[in-house]
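Open the model in your viewer and keep the selection panel at hand. We will go from stop to stop, and at each one I will tell you what to pick and what is there.

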Amino acid sequence: MDRSRLLLSLTGAAATAAAVSCGGDAEKQTVPRPLNVVYIMCDDHSYQTISAYDRRFMQTPNIDRLADEGARFTNSFVANSLSGPSRACMLTGKHSHKNGFTNNENGIFDGSQQTLPKLLGAGGYQTAMVGKWHLVSEPVGFDYWDILTGQGDYYNPVFIRNGERLVREGYCTDITTDVAFEWLDSRDREKPFCLFLHYKAPHRSWMPDLQDLGAFDEAVFPLPETFYDDYATREAAALQEMSIIKDMNLVYDLKMADREGEIHTPDRPNLERYGRDLYRRDLPPGELVPGRMNAAQQAAWDAYYDPIIAKFKEEKLEGKALHEWKYQRYMRDYCSVIRSVDRNVGRVYKYLEDNGLLENTVIIYTSDQGFYMGEHGYFDKRFMYEESFRTPLLVRMPGGKPVKAAPGRTRVLGADFGHRSNDIDELVQNIDYAPSILDMAGLAIPEDIQGESFLPLLLGQKPSGVPTTEGKGWRKSLYYHYYEYPAEHSVRRHYGVRTERYSLMHFYNDIDEWELFDLEKDPLQLKNIYGEPGTEKVTGELHKELIRLQTLYDDPISEKN
């Protein structure tokens with residue numbers, strides 16, 4: 001594989017500043033060297049709730065600034081839509097079967113393997129990992145790490161700082177940013193840096209910052225067209241346990257944890273007990289318990305939620321009214337959590353501006369995967385269906401000059417975000433993050449990394465080194481593989497291929513079902529056309545491409561096809 005570099009190589013901290021101009025017809029841009037990187041990743045942030053992508057639900061002005069001053073990737077995807085595996089793909093530039101972390105249930109990330117922070121460190125970079133890690137083993141290869149334990153807590157979370165456990169009082173998103181600033185203030189200013197800033201938010205169970213409670217109480221969120229999906233023609237889609245109607249718990253998820261009396265929910269009683277404990281209100285005044293609110297926090301929380309709980313009990317909702325109440329309550333909490341994320345992205349901007357770093361720092365914003373905002377009646381992720389498979393990706397290059405679209409490009413099918421002159425429509429995946437950051441740093445990309453650098457796309461150039469069915473060029477298809485079953489949410493194992501127009505997936509293990517969608521005619525993925533008359537040619541081509549990708553990426557599942 002051709003690994004020709006676009007940028008001059010650097011020799012660690014001793015490297016002098018260099019500049020690289022973009023090619024093509026775009027206005028000339030320069031990339032200051034050495035280049036710093038701030039990589040911001042949320043957990044479960046849907047592209048639907050970033051107003052640079054979708055303006056139906058909320059406004060995210062600070063995150064949008066990245067799109068305004070940089071590039072918006074309109075076809076950004078993951079390799080395995082699950083938190084830990086997605087993070088492992090990012091760190092290694094390899095698919096799950098190659099990096100060894102396939103699922104959260106029994107996975108432990110092997111930190112001894114080649115990773116992005118190790119490669120950056122060898123090239124003279126300082127690296128720090130701050131916030132949500134979620135890979136079980138301790139971080140390896142970072143100069144500094146200060147991570148949340150497990151999933152992390154929204155209030156008064158426990159961190160592990162280079163091996164030392166400590167409780168920090170406050171709201172998790174703010175604290176994570178504060179810790180990042182502390183490291184930036186203390187770093188060696190003679191060396192370039194790469195900061196991995198990983199927020200817990202907006203992971204379940206969507207607990208807002210106190211200042212954001214009630215921010216969306218007047219909003220009425222549009223019910224997704226597919227909210228009452230009957231899953232006709234899609235057996236695997238019906239077998240899951242991530243339905244807002246059936247599986248979203250009133251106490252654990254929606255905070256209806258009354259101090260007096262009971263809310264009887266026959267589903268998931270273990271989650272209800274856990275939820276009551278999570279939101280309990282009997283802590284001694286002034287006592288700080290990891291993951292629990294202090295007295296002042298609890299008082300503000302109760303003042304907001306108690307009237308909602310009382311009204312909910314009084315109304316005794318049933319049927320469709322209850323289903324849609326759950327959706328609105330979910331969306332109000334989820335979007336309220338995003339407000340804190342957006343505010344903290346603004347804080348990061350201000351820090352970089354105040355410290356003269358915007359001119360030589362690239363900012364990347366993404367999520368570990370997509371998330372369902374009620375589409376198909378779902379919350380959570382996991383499926384290869386678009387809302388889960390897609391992830392936001394916004395990149396601001398130094399100087400804040402919007403990327404110019406390369407001439408001759410057309411819109412890729414399957415999305416309707418409108419179009420900007422600085423959109424990048426090519427198919428990219430989270431295995432591309434490691435090689436792209438290495439490319440930005442001017443460092444060599446190891447041959448065994450499976451992703452590709454998207455830096456040429458950011459510079460308005462047309463890459464020619466990615467193997468495709470037509471020869472060399474940018475990729476025309478993506479490979480996906482999800483492994484975590486049996487497990488929470490009961491999404492069956494599956495793998496598949498997505499092209500610009502079609503999505504083909506195979507559910508396997510305790511099920512044997514193929515699904516095929518024409519994303520041009522059926523962007524909502526409601527009708528599985530696999531096996532229908534007239535689809536033979538495209539099905540054969542997709543099967544051939546699937547096998548090509550499984551061979552290219554050396555996935556052992558290909559032996560079972």
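Start by selecting residues 71-73, strand S2, together with S11: the two run parallel and are joined by 2 bridges. Show side chains here and you will find Phe 73 opposite Ile 424 of S11. Strands, like helices, are DSSP runs numbered from the N terminus, with at least two residues (E) for a strand and at least four (H or I) for a helix. Two strands pair if DSSP finds at least two bridges between them.

Before moving on, a word on the model: it is predicted, so local features need pLDDT of at least 70 and side-chain atom pairs count only at pLDDT 80 or more, while totals for chains, interfaces and linings use all residues. Numbering starts from 1 along each chain as its sequence is written, and side-chain values use heavy atoms, with hydrogens and water left out.

**The sheet**

Now widen the selection to the whole sheet. In what order do its 10 strands lie? The order is S7-S6-S5-S4-S8-S1-S9-S10-S2-S11, in an open sheet with mixed pairing. Strand S7 (164-167) and strand S11 (423-424) are at the edges; each has a single partner strand, so one side of each has no neighbour in the sheet.

Next, pick S9. All 7 of the 7 residues of S9 are buried, so this strand is largely enclosed by the rest of the structure; buried means under 20% relative accessible area, with exposed over 50% and partly exposed in between (1.4 Å probe, protein chains only). Thr 361, Ile 363, Tyr 365 and Ser 367 lie on one side of S9, and Val 362, Ile 364 and Thr 366 on the other. Add S1 to the selection: S1 and S9 run parallel and share 7 bridges, with Val 37 opposite Val 362. Then add S10, which pairs with S9 in the antiparallel sense over 4 bridges; here Tyr 365 stands opposite Leu 394.

While you are in the sheet, centre on Gln 126, in strand S4 (residues 126-131). Gln 126 is buried, with a relative accessible area of 9%. Leaving out residues up to four places away in sequence, Gln 126 touches a set of residues including Asp 143, Trp 183, Arg 187 and Asp 188; contact means heavy atoms within 4.5 Å.

**Two helices across the strands**

Select H9, residues 319-354. This helix lies across S1, S8, S9 and S10, and runs at about 170° to S9. Axes are lines fitted to C-alpha atoms, for helices over the stretch in contact, and angles run from 0 to 180 degrees between N-to-C directions. Add H1 (residues 61-69), which lies across S2, S9 and S10 at about 65° to S10.

How do the axes of H1 and H9 cross? They come within 7 Å and cross at roughly 55°. H1 and H9 are therefore oblique to each other, the class for angles other than those under 35 degrees (roughly parallel), over 145 (roughly antiparallel) or 65 to 115 (roughly perpendicular). To see the meeting place, show residues including Ile 63 and Leu 66 in H1 and Val 341, Val 345 and Tyr 349 in H9.

**The cores**

Colour the nonpolar cores next: each is a set of buried Ala, Val, Leu, Ile, Met, Phe, Trp, Tyr and Cys residues joined through side-chain atoms within 4.5 Å. Of the 78 residues in the largest core, Leu 195, Tyr 330 and Tyr 365 touch the most other members. H9 gives the most to this core, with 15 residues. A second, separate core of 46 residues includes Ala 71, Phe 101, Leu 135 and Ala 441.

Zoom in on Tyr 330. Beyond its neighbours within four places in sequence, Tyr 330 contacts residues including Trp 206, Ile 244, Met 248 and Phe 379.

**Last stop: S16 and Ala 236**

Select S16, residues 494-499. Here 6 of the 6 residues are buried, so S16 is largely enclosed by the rest of the structure. S15 (residues 477-482) runs antiparallel to S16 with 6 bridges, and Ser 477 has Thr 499 as its bridge partner. With S17, S16 forms a hairpin that has 2 residues between the strands; look for Arg 498 opposite Ser 503.

Finally, go to Ala 236 in helix H6 (residues 235-239). Its C-alpha atom is separated by 9.6 Å from that of His 494, 258 residues apart along the chain. Ala 236 is buried, with a relative accessible area of 0%.
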